[in-house]
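User: I am new to this structure and would like a careful reading of it. Please choose a single part, look at it closely, and then connect it with the rest.

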Amino acid sequence: MAINVYLNFNGNCREAVAFYANVFGTERPKITTFGEMTPDPEFTLPEEAKNLVMHTRLRLNGSNVMFSDTFPGMPFVVGNNISLAFVSENLDEVKSAFNQLKEGGKVGMELQETFWSKCYGQLTDKFGIEWQLNFGSDEEAF
């Protein structure tokens, strides 16, 4: 499995993805919005988040580049809006990498089941690099 780049935007992800798709001559991708997430009875989705991009992906010259908007209220800093996405079909590999990367780092989301994955987690390692770890195939990821 490859390591994928994940880019975050401050509300203009849809525009950026359309631009990059045009520049690199790819098809416009399927876009999933925060409003399409499975509702959580313990969390009310803010109205301003509903049409923001939760996830999309372009295949550029053989590499996956993934994109999303930053959720309202979450910090967005140009230059720090890139994370690495580790995707593996081996659950033990995902768990091992997560547990090693979190040593001395900060966990943003513990490994857990989500509506897109049986096992997903997010953290910043001790060097300040943001990681997303996902169990599944590159084609199914996110």
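Analyst: **A pair of charged side chains and its surroundings**

The side chains of Lys 50 and Glu 47 come together in a salt bridge, with 3.1 Å from N to O; the term stands for a side-chain nitrogen of Lys or Arg within 4 Å of a carboxyl oxygen of Asp or Glu. This is a predicted model, in which local features need pLDDT of at least 70 and side-chain atom pairs count only at pLDDT 80 or more, while totals for chains, interfaces and linings use all residues. Residues are numbered from 1 along each chain as its sequence is written, and side-chain values use heavy atoms, with hydrogens and water left out.

Side chains of opposite charge can pair when their charged atoms come close. As for the two partners, Glu 47 counts as exposed because its relative accessibility is 58%, whereas Lys 50, at 32%, counts as partly exposed; here buried means under 20% relative accessible area, exposed over 50%, and partly exposed in between, with a 1.4 Å probe and protein chains only. The structure holds two salt bridges, and the side chains of Lys 118 and Glu 113 also meet in one, at 3.7 Å from N to O. In that pair, Lys 118 is exposed with a relative accessible area of 59%, and Glu 113 is exposed at 52%.

Lys 50 leads to Thr 33, a residue of strand 2 (32-33); strands are DSSP runs of E with at least two residues, helices are runs of H or I with at least four, and both are numbered from the N terminus. Leaving aside residues up to four places away in sequence, Thr 33 touches Lys 50 together with Arg 14, Asn 51, Leu 52, Val 53 and Met 54, where contact means heavy atoms within 4.5 Å. Thr 33 counts as buried because its relative accessible area is 10%. Thr 33 and Asp 69, which are 36 residues apart in sequence, are 9.1 Å apart in space from C-alpha to C-alpha.

The loop between strand 2 and strand 3 offers a contrast, for Pro 39 is found there and is exposed at 73% relative accessibility. Glu 42 has its place in that loop too, and it is exposed with a relative accessible area of 79%. From the C-alpha atom of Glu 42 to that of Val 94, 52 residues away along the chain, the separation is 28 Å.

Strand 3 (53-60) brings helix 1 into the picture, since the buried residues of helix 1 pack against this strand as well as against strand 1 (3-9) and strand 4 (63-69). Those buried residues are Cys 13, Ala 16, Val 17, Ala 18 and Ala 21. Helix 1 covers residues 13-24, and its 12 residues reach 16 Å from the first C-alpha to the last, close to the 16 Å expected, a span set at 1.5 Å times one less than the number of residues. Just after helix 1, Gly 25 takes a positive phi of about 65°.

Strands 1, 3 and 4 also belong to the picture of the largest pocket, whose lining takes at least two residues from each of them, and likewise from strand 6 (106-112), strand 7 (120-124) and strand 8 (130-135). A pocket is an open set of points on a 1 Å grid over the protein atoms alone, where a 1.4 Å probe fits and protein lies on both sides within 12 Å along at least five of seven lines; lining residues have an atom within 4 Å of a point. About 1400 Å³ of space lies in this largest pocket. Its lining has 40 residues, and Phe 34, Phe 71, Met 74, Met 109 and Tyr 120 lie nearest the centre. Strand 6 gives the most to this lining, with five residues.

Methods
Grid points are joined across faces, edges and corners, and a volume is the space filled by probe spheres set on the points.
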